[in-house]
Amino acid sequence: MKIRLMQLLVLVLVTFALASIGHADGLKYKSTYDGTVLDTSFDTNSDGFNVNVVRGSGKGTFGQSDTVVVTEFEPIGVTGECESEDDFRFMVLDSNGVSTYSNGEQLYVQSNSGYLCLDLATGDFEGLATGDFAGGTGRFKNAHGAFESVFRGRNLTVPLGLPYGFGSINGVTTGTLYLK
């Protein structure tokens, strides 16, 4: 009986040790998402372009999530750096996001690096944002690490010449997440 209890105790300790080693090395994070994007009436740097809000649903490493991201872009212009040389390029100035999981835990992200390329004729766009995991609640309280989000979508109002943005977005976020 004592031997079985000791074996069980050793098994539990080894399991916890391996789990903590995995967290020390970082977890591979991946989430795919789909949602909508909408411009707000806020222009935080007086450049004439308003902050936009993305609301989406995701599925990945930690299960289902609802995500909201607020981003301020800086218009750069037609630079020839996009897939289509006629696309209008924007740079990410500041972006903050919260993913809420089914158990109520939240994971925060921050970014000030990346770009968006917009086809002014069709409204199609694609881009990349890079940044950091920045804490959260529950198991994400001390979360940190780096991420990359590749996205694309369609701004439905651009081809109509409307003075605000609204459309669809989808993408994949990958990175390494440390929980301790």
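This tour moves through a predicted model, from its nonpolar cores to its surface, its aromatic rings and its salt bridges.

Begin by selecting Phe 73, Phe 90, Leu 116, Leu 118, Phe 125, Phe 151 and Ile 169, which are the residues with the most contacts inside the largest nonpolar core, a set of 13 residues. If you then colour the strands β1 (27–39), β4 (88–101), β5 (106–118) and β6 (124–136), you will have picked out elements that each supply at least two residues of this core, and β4 gives the most, with three residues.

Next, centre the view on Phe 125 and display its surroundings; leaving aside residues up to four places away in sequence, Phe 125 touches a list of residues that includes Val 37, Leu 116, Leu 118, Phe 151, Arg 152, Ser 168 and Ile 169. Apart from the largest core lies another one, of 10 residues, and to find this second core you can select Phe 62, Phe 140, Ala 143 and Leu 179, which are among its members.

Two of these residues, Phe 62 and Phe 140, reappear when you select the aromatic cluster, which they form together with Tyr 29, Tyr 101, Phe 133 and Phe 147. Within the cluster, isolate Tyr 101 and Phe 140, both of which are buried. The count of aromatic pairs comes to 10, and the rings of Tyr 101 and Phe 140 make a tilted pair, with 5.4 Å from centre to centre and 40 degrees between the planes. This pair links distant parts of the chain, since Tyr 101 belongs to strand β4 and Phe 140 to the loop between β6 and β7, 39 residues apart.

Turn now to the surface and select Leu 38, Leu 156, Leu 160, Leu 162, Tyr 164 and Phe 166, which make a nonpolar patch of about 570 Å². Leu 162 sits in the loop between β7 (144–155) and β8 (166–178), and Leu 162 is partly exposed, at a relative accessible area of 36%.

Finish with the salt bridges, of which the count is four. Select Arg 139 and Glu 105, whose side chains meet at 2.7 Å, N to O; Arg 139 is in the loop between β6 and β7 and Glu 105 in the loop between β4 and β5, so the pair ties together parts 34 residues apart in sequence. Arg 154 and Asp 124 form another salt bridge, at 2.6 Å, N to O, linking strand β7 to strand β6 across 30 residues. Lastly, Arg 89 pairs with Glu 81, with the closest N and O atoms 4.0 Å apart; here Arg 89 is buried, at 10% relative accessibility, whereas Glu 81 is exposed, at 53%.

Conventions: Residues numbered from 1 in each chain as written. Predicted model: local features only at pLDDT ≥ 70, side-chain atom pairs only at ≥ 80, totals over all residues. Heavy atoms only, no water. Core = buried A, V, L, I, M, F, W, Y, C linked by side-chain atoms within 4.5 Å. Buried < 20%, exposed > 50% of the residue type's maximum accessible area, 1.4 Å probe, protein only. Helix = DSSP H or I, 4+ residues; strand = E, 2+ residues; numbered from the N terminus. Contact = heavy atoms within 4.5 Å. Patch = residues over 30% accessible without salt bridge, like charges linked within 9 Å, V, L, I, M, F, W, Y side chains within 5 Å. Areas by Shrake-Rupley, 256 points an atom, 1.4 Å probe, with all protein chains shown as cover. Phe/Tyr/Trp six-rings, centres within 6.5 Å; stacked < 30°, edge-to-face > 60°.
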